[in-house]
Amino acid sequence: MHYLLELYSPKPAWLALDGAARQAYFDRVGAGMAALSGMGAEALAMGAIDGGKLHAAAQQFYAVWRFPDGAALDALLAGIAGTGWHDYFDTVNAAGTAVDFPGHLAQLAAV
């Protein structure tokens, strides 16, 4: 399995949009999700980041996605970029394949 963690905050361009323009943008984003869902892209969790937690991220929001393969992950990243998302949101992506806890410790040990 492949995973994507997005961390993002609105840019001034987003804050300048009125409610109708934001809804029109959301409608466009939603229309593109059907094809990505058909590829196996699965949104696991999304929400606001709790800035009161130890070592909290600076961004305001997060999304966690799961994919059956790298092609589906790449398709979502391309789809997100194609909507103009990065014009409106400052985004940090972390993506990779999943390993279990001992496997991750081995990754850390190998660095």
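This report describes the overall build of one protein chain, then its largest pocket, and then a few single residues.

**The chain as a whole**

The model is a predicted one, and every value given here was computed from it. The secondary structure of the protein chain comprises five helices and four strands, and read from the N terminus these elements follow one another in the order β-α-α-β-β-α-α-β-α. Measured out along its principal axes, the C-alpha trace of the protein chain extends over about 50 × 35 × 20 Å.

The protein chain has 111 residues, and 20% of them are buried. If one looks at the contacts in the protein chain between residues at least 6 apart in sequence, 74% of these contacts turn out to join residues at least 24 apart. The surface that the protein chain exposes amounts to about 6800 Å², with 62% of that area supplied by carbon and sulfur atoms. As for charge, the protein chain carries 5 positive and 10 negative side chains, and a distance of 6 Å lies between the centres of the two sets.

**The largest pocket**

Rolling a probe the size of a water molecule over the atoms shows where empty space is left. The largest pocket has a volume of about 400 Å³, and its lining is made up of 21 residues, with Tyr8, Val29, Trp65, Ile80 and Trp85 lying nearest its centre. Two or more residues of this lining come from each of strand 1 (2–10), helix 2 (19–38), strand 3 (61–67) and helix 3 (70–82). Helix 2 gives the largest share of the lining, namely seven residues.

**Residues in helices 2 and 3**

Leu76 is a residue of helix 3, and because its relative accessibility is 1%, where buried means under 20%, Leu76 counts as buried. When residues up to four places away in sequence are left out, Leu76 touches Leu4, Met33, Leu36, Trp65 and Phe67. Ala35, by comparison, belongs to helix 2, and because its relative accessibility is 56%, where exposed means over 50%, Ala35 counts as exposed.

Two pairs of residues show how separation along the chain and C-alpha to C-alpha distance can be set side by side.

| Pair | Separation in sequence | C-alpha to C-alpha distance |
|---|---|---|
| Leu76 and Ala31 | 45 residues | 13 Å |
| Ala35 and Ala75 | 40 residues | 9.6 Å |

**The loop between strands 2 and 3**

The loop between strand 2 (42–48) and strand 3 contains His55, and Gln59 is found in the loop between strand 2 and strand 3 as well. His55 has a phi near 60°, which is a positive value in a residue other than glycine. With a relative accessibility of 73%, His55 counts as exposed, whereas Gln59, with a relative accessible area of 18%, is buried. Once its neighbours within four places in sequence are set aside, Gln59 is in contact with Leu7, Tyr8, Ser9, Ile49 and Val92. One of these contacts, Tyr8, is also among the residues that lie nearest the centre of the largest pocket. In a similar way Trp65, which Leu76 touches, is named among the residues nearest the centre of that pocket.

Conventions: Residues numbered from 1 in each chain as written. Predicted model: local features only at pLDDT ≥ 70, side-chain atom pairs only at ≥ 80, totals over all residues. Heavy atoms only, no water. Buried < 20%, exposed > 50% of the residue type's maximum accessible area, 1.4 Å probe, protein only. Contact = heavy atoms within 4.5 Å. Areas by Shrake-Rupley, 256 points an atom, 1.4 Å probe, with all protein chains shown as cover. Lys, Arg positive; Asp, Glu negative; His and termini not counted. Charge placed at Lys NZ, Arg CZ, Asp CG, Glu CD. 1 Å grid on protein atoms, 1.4 Å probe; cavity = no way out; pocket = protein on both sides within 12 Å on 5 of 7 lines; lining within 4 Å. Points joined across faces, edges and corners; volume = space filled by probe spheres on them.
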